[in-house]
Amino acid sequence: MHTENFRAALVVVIFSLVYGTLRFSSTLQAAHILDRRDRVDLATLHLHGEFVESNLGAARAADGPVTIHMIAEKYVFVPACVTVPAGVPIRLRITSADSAHGFKIAGSEVKTVPGSVTEIHLRFPAADKYEFYCDEFCGPGHHAMMGRIVAVSENQFQPQNSARGAACGQP
Ligand SMILES: [Cu+2]
């Protein structure tokens, strides 16, 4: 009888430990995801703030880092083509104008949802073209939702602050 009670107590203790550990790690994970996202007002996305059209694309801050601002919407990325310098850290800040979308490129992927900014750090090792696409099914045009990052050498890099800037990736 004592043995049965002991076994029952042991099962409860083990269950509690496993459950507690899972709860703790999922809370940490959620906090981590929230940390990496900023809120953005969907209604004024195009009017002011970091996602106005004139601020889309790649820009280099005065102290050096390069940031890409991008909007995902059915069924395009704006801008769909971005030129960046190769071999340096690139910060991508992306948000969605409508539904959940994915952004997948060369071994990295993130999800983006309306009202939040998702941030990811990328680096393109060589001057080359890197295709990206939406990997979150978002509707009938999903399959065509793609774009391109063109990494160029430092001295060829000219930040473009235009969503529909000059032809990108043309020879
Ligand atoms: Cu999609």
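**Exercise 1. The surroundings of H142**

Task: In this predicted model, determine which residues H142 touches, leaving out residues up to four places away in sequence.

Solution.
Step 1. Beyond that sequence window, H142 touches Y75, C134, D135, E136 and F137.
Step 2. Place the residue in the fold: H142 sits in the loop that lies between β10 and β11.
Step 3. Check the pair with Y75. H142 and Y75 are separated by 67 residues in sequence, while their C-alpha atoms are 6.1 Å apart.
Step 4. Classify the accessibility. The relative accessible area of H142 is 14%; the cut-off for buried is under 20%, so H142 is buried.

**Exercise 2. The copper site**

Task: List the protein donors of the copper ion and state what the angles among the four donor atoms make of the site.

Solution.
Step 1. The donors are C134 through SG, E136 through O, C138 through SG and H142 through ND1, at 2.0 to 2.6 Å from the copper ion.
Step 2. Along the chain, these donors follow the spacing C-x1-E-x1-C-x3-H.
Step 3. The angles among the four donor atoms run from 81 to 130°. A tetrahedral label requires all angles to lie between 85 and 135 degrees, and the site is classed as irregular.
Step 4. Compare the accessibility of two donors. E136 has 27% relative accessibility and therefore counts as partly exposed, whereas H142, at 14%, is buried.

**Exercise 3. The strands around the loop**

Task: Give the strand order of the open five-stranded sheet and describe how β10 and β11 pair.

Solution.
Step 1. Start from the whole chain: its secondary structure consists of one helix and eleven strands, and in sequence order the helix precedes the strands, as the pattern α-β-β-β-β-β-β-β-β-β-β-β shows.
Step 2. The open sheet has the order β5-β11-β10-β7-β8, and its pairing is mixed.
Step 3. The edges are β5 and β8 (108–112), each of which pairs on one side only. On average, neighbouring strands of this sheet are turned by 20° against each other, direction ignored.
Step 4. Six bridges connect β10 and β11 in the antiparallel sense. As an example, Y130 has I149 of β11 as its bridge partner.

**Exercise 4. β6 and its partners**

Task: Determine how β6 pairs with β3 and with β9, and whether β6 is enclosed or open.

Solution.
Step 1. β3 and β6 are parallel and share seven bridges. One residue pair to inspect is M70 with its bridge partner I94 in β6.
Step 2. β6 and β9 run antiparallel and are joined by six bridges. Here R91 has H121 of β9 as its bridge partner.
Step 3. Because six of its eight residues are buried, β6 is largely enclosed by the rest of the structure.

**Exercise 5. The nonpolar cores**

Task: Identify the residues with the most contacts inside the largest nonpolar core and the elements that give two or more residues to it.

Solution.
Step 1. The largest core has 29 residues, and I68, M70, F77, V84, F103, F124 and I149 have the most contacts inside it.
Step 2. Two or more residues come from each of β3 (66–73), β5 (81–85), β6 (89–96), β7 (101–105), β9 (116–123), β10 (128–133) and β11 (146–152).
Step 3. A separate second core has six residues, including L45, L56, V78 and V117.
Step 4. Take M70 as a case: among the residues M70 touches are F51, F77, L92, I94, F103 and F132.
Step 5. For the chain as a whole, 36% of the 171 residues are buried. Of the contacts between residues at least 6 apart in sequence, 64% join residues at least 24 apart.

Notes
Residues numbered from 1 in each chain as written. Predicted model: local features only at pLDDT ≥ 70, side-chain atom pairs only at ≥ 80, totals over all residues. Heavy atoms only, no water. Donors = N, O, S within 2.8 Å, 3.2 Å for Na, K, Ca; no water. Tetrahedral: all angles 85-135°; square planar, octahedral: opposite > 155°, others 65-115°. Buried < 20%, exposed > 50% of the residue type's maximum accessible area, 1.4 Å probe, protein only. Core = buried A, V, L, I, M, F, W, Y, C linked by side-chain atoms within 4.5 Å. Helix = DSSP H or I, 4+ residues; strand = E, 2+ residues; numbered from the N terminus. Contact = heavy atoms within 4.5 Å. Pairing = 2+ DSSP bridges. Axes fitted to C-alpha atoms, helices over the stretch in contact; angles between N-to-C directions.
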